[in-house]
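Reader: I am new to this structure and would like a close look at a single part of it. Please take one strand and say what surrounds it, then go on to the parts beyond.

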Amino acid sequence: MRLLKEGSLKLSSHQVVPFFLGAALPTILLFVLASDRVGEQLSSVSGSWLGNSSGETPGAAPALLPEHEEEKFTGLAELLTKVATDDGTVIITSVNEAWARPGSLLDLFLAGFRNGEGIAHLLNHILIVAVDPDALAHCELVHPHCYLYEVTSANVSSANRFMSKSYLELVWAKLGIPERVLQLGYNYLFTDVDILWLRNPFRHISLYADMAISTDGFKGDAEALTNEGNTGFYYVRSTKRTVEMLKRWRAARSQFPSAHDQGVLNEIKADLADGELQIKFVFLETTLFDGFCQFHGEMNKVCTMHAMCCIGLENKVHDLRNLAADWNNYTSLAPMEKRSGKHRWTPPNRCKASMRQH
């Protein structure tokens with residue numbers, strides 16, 4: 001695959017006439033206010049996610065890498081031009097062979113978009129990162145946008161035991177592609193493959209968040225750093241500050257060698273928020289971004305359902321299949337029946353039992 005050459009944007013040297021400057025001042029003022037995140041929190045509803053063209057461009061100028069580093073991302077820049085929305089956002093998930101094989105998590109994940117409410121078009125904007133060649137082969141049979149980012153530091157193809165060496169290598173590898181995506185000037189939403197997408201989550205992501213992140217247990221204040229972020233589902237917009245944030249996040253692994261990516265982020269998030277980067281974190285409500293840790297039954301509100309707080313691939317697949325069937329039954333109801341609020345999810349009992357055993 002041909003690799004696009006990356007370079008910085010060169011501005012025109014033509015003199016701007018006073019009339020144009022005067023007309024542009026209101027727009028410039030709005031941009032400054034938005035950049036400083038002053039004023040009320042607005043809901044970011046990108047035209048691209050709603051099926052419209054926004055005409056906006058990605059936020060950060062592409063970053064050049066040394067040639068030996070760029071080889072790790074051969075073809076990625078070209079692929080992103082096909083996957084990204086008009087406003088330069090990409091949905092990213094990653095799979096190994098065990099998760100991508102037929103009948104496993106990848107099939108459930110993709111089916112969620114097809115069976116969700118008005119989100120089938122988002123399939124065109126999903127980049128599936130395969131961490132081993134067999135996962136890539138499975139992916140290419142079911143999805144047009146697959147990319148191999150092979151992990152060779154451990155055997156990551158099987159259903160890895162939680163917090164084992166191979167598990168830690170796998171979860172840290174998840175940050176490699178997102179960091180490069182930010183450097184190339186694209187925003188991204190990372191989603192674990194054990195998440196059912198049911199409605200459009202972008203309607204509920206704050207415009208002023210540098211990072212909007214799910215949580216195992218929402219504490220009521222979306223901006224409180226006492227919320228524990230869950231890196232199975234989070235959005236980052238591309239700026240110079242967030243590029244630096246990803247670098248520091250990955251570098252902090254050496255300080256916490258036995259921790260996974262999520263644990264390290266929660267250790268350093270206060271420094272990222274209060275230090276010179278001033279990263280704006282927004283934590284997502286579990287009634288909308290649900291999961292097995294703080295399980296809700298409100299099918300009329302939920303956007304995503306995450307098989308978190310669950311040990312074992314078979315348990316995840318079993319309970320997610322039950323929930324997918326619940327969703328299909330719910331969407332077949334008449335509008336009045338849906339609004340009744342009587343319909344609830346099948347409890348994820350296999351996953352709950354796995355946590356008790358663990």
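Author: I213 stands opposite Y234 in strand 7. This is a predicted model. The residue I213 belongs to strand 6, which covers residues 211-215, and strand 6 pairs with strand 7 (residues 229-236) in the antiparallel sense over five bridges. Strand 6 has a further pairing, with strand 8 (residues 281-283), in the parallel sense and over three bridges. There the bridge partner of I213 is F283. I213 thus has a partner in strand 7, Y234, and one in strand 8, F283.

In a regular strand the side chains alternate between the two faces of the sheet. In strand 6, M211, I213 and T215 point one way, while A212 and S214 point the other way. Both sets are buried, and strand 6 is mostly covered, with five of its five residues buried.

Next, the nonpolar cores. In soluble globular proteins, nonpolar side chains tend to be buried together. The largest nonpolar core here has 52 residues, and those with the most contacts inside it are L106, F109, F113, W197 and W345. Strand 7, the antiparallel partner of strand 6, is one of the elements that each supply at least two residues of this core. Others among them are strand 1, helix 5 (105-115) and helix 11 (313-331). As for F109, leaving aside its neighbours within four places in sequence, its contacts are T93, I126, T191, D192, V193, I195 and W197. A second, separate core of 43 residues includes A77, V129, Y149 and I279.

A77 leads to helix 3, where the buried residues are L76, A77, E78, L79, L80 and V83. Helix 3 (residues 76-83) is largely enclosed by the rest of the structure, because six of its eight residues are buried. The buried residues of helix 3 pack against strand 1 (89-95), strand 2 (126-130), strand 3 (146-148) and helix 8 (176-183).

A loop residue, G341, can be set beside these buried parts. G341 lies in the loop between helix 12 (335-339) and helix 13 (349-357). Its relative accessibility is 33%, so G341 counts as partly exposed. In sequence G341 and N300 are 41 residues apart, yet their C-alpha atoms are 7.3 Å apart in space.

Terms used:
Residues numbered from 1 in each chain as written. Predicted model: local features only at pLDDT ≥ 70, side-chain atom pairs only at ≥ 80, totals over all residues. Heavy atoms only, no water. Buried < 20%, exposed > 50% of the residue type's maximum accessible area, 1.4 Å probe, protein only. Helix = DSSP H or I, 4+ residues; strand = E, 2+ residues; numbered from the N terminus. Pairing = 2+ DSSP bridges. Contact = heavy atoms within 4.5 Å. Core = buried A, V, L, I, M, F, W, Y, C linked by side-chain atoms within 4.5 Å.
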